[in-house]
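Here is a friendly walk through one model, strand by strand and helix by helix. Please keep the structure open beside the text as you read.

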Amino acid sequence: MPVSTLGELLSDIATIHGQSGQMRLSTPERQRELLDARARPAELPRYLENFAERRAAAAELARLESEAMARAREADMLRFGLDEIAAVAPQPGEDDALGAEQAKLMDLDELRRLAGGAHEALSGSETDYDAPSVVSLVGTARKLLGELADRDEAARELSSRATELGMLATDLAADVAGYVDDLIADPLRLEAVGERRQQLAGLTRKYGASIDEVLSWSESSAARLADLDGSDERIGVLRHRTAELDDLLAADAAAISAARHRAADELGTAVKVELAALAMPHAELRFDVSDAPIGPHGADRIELLFSANPGSDPAPLGKVASGGELSRVRLALEVILAEGERGHTFVFDEVDAGVGGAVGLEIGRRLQRLAATSQVIVVTHLAQVAAFADAHFVVAKASDGQVTTSGVRRLRDDEREVELARMMGGTASSEAGVRHAAELLAGSRRRK
């Protein structure tokens with residue numbers, strides 16, 4: 001998995017202090033985290049949740065208010081269109097049905113000519129009695145086939161089919177006659193159909209290519225209008241909720257601020273004692289907590305002020321502390337904050353950067369004390385720190401002439417003196433260095 005994801009998962013059980021941690025200690029965010037680790041304000045989780053809700057509500061409210069004019073214009077346009085459609089009250093498919101009816105009314109004479117000719121062909125002419133017709137011809141054929149069936153049983157089916165054909169011809173002639181009777185000229189209906197089609201055309205010019213599309217636009221626009229009207233109601237709800245959240249945030253911010261002020265005094269006093277033990281007897285570290293506008297983590301501006309020497313006014317830590325001073329300040333804070341926490345893992349990468357041997361001893365003692373309740377892993381080049389470890393591992397490179405590898409190995413007790421002597425700048429065979437290393441180990445064990 002990505003290192004960043006792994007870091008998020010491990011953040012609750014392990015704290016890793018790399019060399020960049022000293023720089024981060026100078027940031028307001030890290031200083032606030034340290035103070036809150038001591039203060040542990042009970043209201044902070046609720047505050048964070050309410051602030052996130054308030055920020056989202058404010059963003060939505062701003063968007064809705066900025067779009068209010070555009071929504072009003074859109075709502076007016078939709079209402080006008082819906083009212084116009086409602087006034088006409090079109091029916092599904094009405095435009096196609098009226099178009100077909102108008103074409104029929106306008107073509108009435110030709111329809112009557114064609115239907116009349118078909119009826120005459122089926123039933124015969126009323127003026128020419130000798131003119132052939134389908135009904136009379138089929139009747140003749142049916143009579144002849146009937147006589148044939150009486151003489152030849154094989155023709156029985158033909159006779160039946162002729163009878164059926166005669167019935168069909170008679171029915172068709174009657175239907176055509178009814179159709180002709182219905183073809184009555186109706187100028188008033190033709191005029192009404194024309195006017196109605198004009199009304200429908202007014203809608204299809206604006207809202208769709210057909211009446212079905214017009215009705216579909218009407219349905220979707222009604223839903224959109226309901227949303228627009230609901231936006232105005234939503235503005236009222238959001239205004240009320242943001243006012244409620246402002247009151248809740250103000251109350252919780254005051255409680256969080258009070259807890260931070262108490263913790264700032266306690267932490268400043270405790271760190272001063274630790275720094276004195278780390279060869280900084282005159283150092284002063286103070287968390288300055290001042291009022292600030294409501295923000296994501298409360299209503300406080302937190303700044304870590306530091307002074308290493310008497311007579312110097314405390315100033316921002318990142319501006320006045322050296323690398324070695326930052327290392328000791330960071331270690332002092334971690335030791336104090338870990339006092340009430342058990343089972344945590346701390347990883348320190350060169351926490352002793354920029355300090356000397358005597359201070360290294362004090363750092364080693366502090367790390368040893370921290371290891372009484374937590375697991376402590378230290379990467380160090382300082383023998384005075386390594387001597388206090390319960391277990392000492394050596395990371396070494398090896399090469400076969402082609403490939404270089406790195407390995408890690410735990411030292412036996414009899415190997416530690418030699419390694420500590422080497423770390424102090426001597427050689428592994430230096431008796432004086434080994435004796436000094438043995439004294440370091442003996443001193444560290446007496447304190448366990």
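Let us begin at one side of a small sheet, where strand β3 meets strand β4 (residues 315-316) through 2 bridges, the two running antiparallel. Before going further, please note that this is a predicted model.

Two facing positions show how β3 and β4 line up. Leu305 sits opposite Pro316 of β4, and Phe306 faces Ala315 of β4.

On its other side, β3 meets strand β2 (residues 284-295), again antiparallel, and here 9 bridges join the two. Val289 has Ile302 of β3 as its opposite number. The link from β2 to β3 is a hairpin of 2 residues.

Put together, the 3 strands make an open sheet in the order β2-β3-β4, with antiparallel pairing. The edges belong to β2 and β4; each has a single partner strand, so one side of each has no neighbour in the sheet. How covered is strand β3 (residues 298-307)? Of its 10 residues, 8 are buried, so to speak mostly covered.

**Helices across the sheet**

Two helices lie over this sheet. Helix α3 lies across β2 and β3 and runs at about 100 degrees to β3. Helix α11 also lies across β2 and β3, running at about 170 degrees to β2.

The length of α3 can be checked with simple arithmetic. Helix α3 (residues 28-39) has 12 residues, and at 1.5 Å a residue it should span 16 Å; the C-alpha atoms at its ends are 16 Å apart, so the two values agree. The expected span is 1.5 Å times one less than the number of residues. Buried residues in α3 are Arg30, Gln31, Arg32, Leu34, Leu35, Asp36 and Ala39. Just after this helix, Arg40 adopts a positive phi of about 50 degrees.

**Helix α5 against helix α11**

Which way does α5 cross α11, left-handed or right-handed? The crossing is left-handed. The axes of helix α5 (residues 68-88) and α11 come within 9 Å, crossing at roughly 145 degrees. On the α5 side, the contact includes Arg71, Glu74, Ala75, Leu78 and Leu82. On the α11 side, the residues in contact include Val214, Trp217, Ser221, Leu225, Leu228 and Ile235.

**Aromatic pairs**

Trp217 brings us to the aromatic rings. The structure holds 3 aromatic pairs, and two of them are described here.

| Pair | Distance between ring centres | Angle between planes | Arrangement |
|---|---|---|---|
| Tyr207 and Trp217 | 4.6 Å | 35 degrees | tilted |
| Phe346 and Phe348 | 6.2 Å | 15 degrees | stacked |

Why is one pair called tilted? The planes of Tyr207 and Trp217 stand at 35 degrees, so the pair is tilted; the stacked class needs planes under 30 degrees apart, and edge-to-face needs over 60. For Phe346 and Phe348 the angle is 15 degrees, so that pair is stacked.

Where do the rings of the tilted pair sit along the chain? Tyr207 belongs to helix α10 (residues 187-207) and Trp217 to helix α11 (residues 211-277), so the pair ties together parts 10 residues apart in sequence.

Are these rings buried or exposed? Tyr207 is buried, at a relative accessible area of 12%, while Trp217 counts as partly exposed at 22% relative accessibility. In the stacked pair, Phe346 is buried at 3% relative accessibility, and Phe348 is buried at 0%.

How values were computed. Residues are numbered from 1 along each chain as its sequence is written. This is a predicted model: local features need pLDDT of at least 70, side-chain atom pairs count only at pLDDT 80 or more; totals for chains, interfaces and linings use all residues. Side-chain values use heavy atoms; hydrogens and water are left out. Buried means under 20% relative accessible area, exposed over 50%, partly exposed in between (1.4 Å probe, protein chains only). Helices (H or I, at least four residues) and strands (E, at least two) are DSSP runs, numbered from the N terminus. Two strands pair if DSSP finds at least two bridges between them. Rings of Phe, Tyr and Trp (its six-membered ring) pair if their centres lie within 6.5 Å; planes under 30 degrees apart count as stacked, over 60 as edge-to-face and the rest as tilted. Axes are lines fitted to C-alpha atoms, for helices over the stretch in contact, and angles run from 0 to 180 degrees between N-to-C directions. A crossing is left-handed if the near helix is turned anticlockwise from the far one by less than a right angle, and right-handed if clockwise. Contact means heavy atoms within 4.5 Å.
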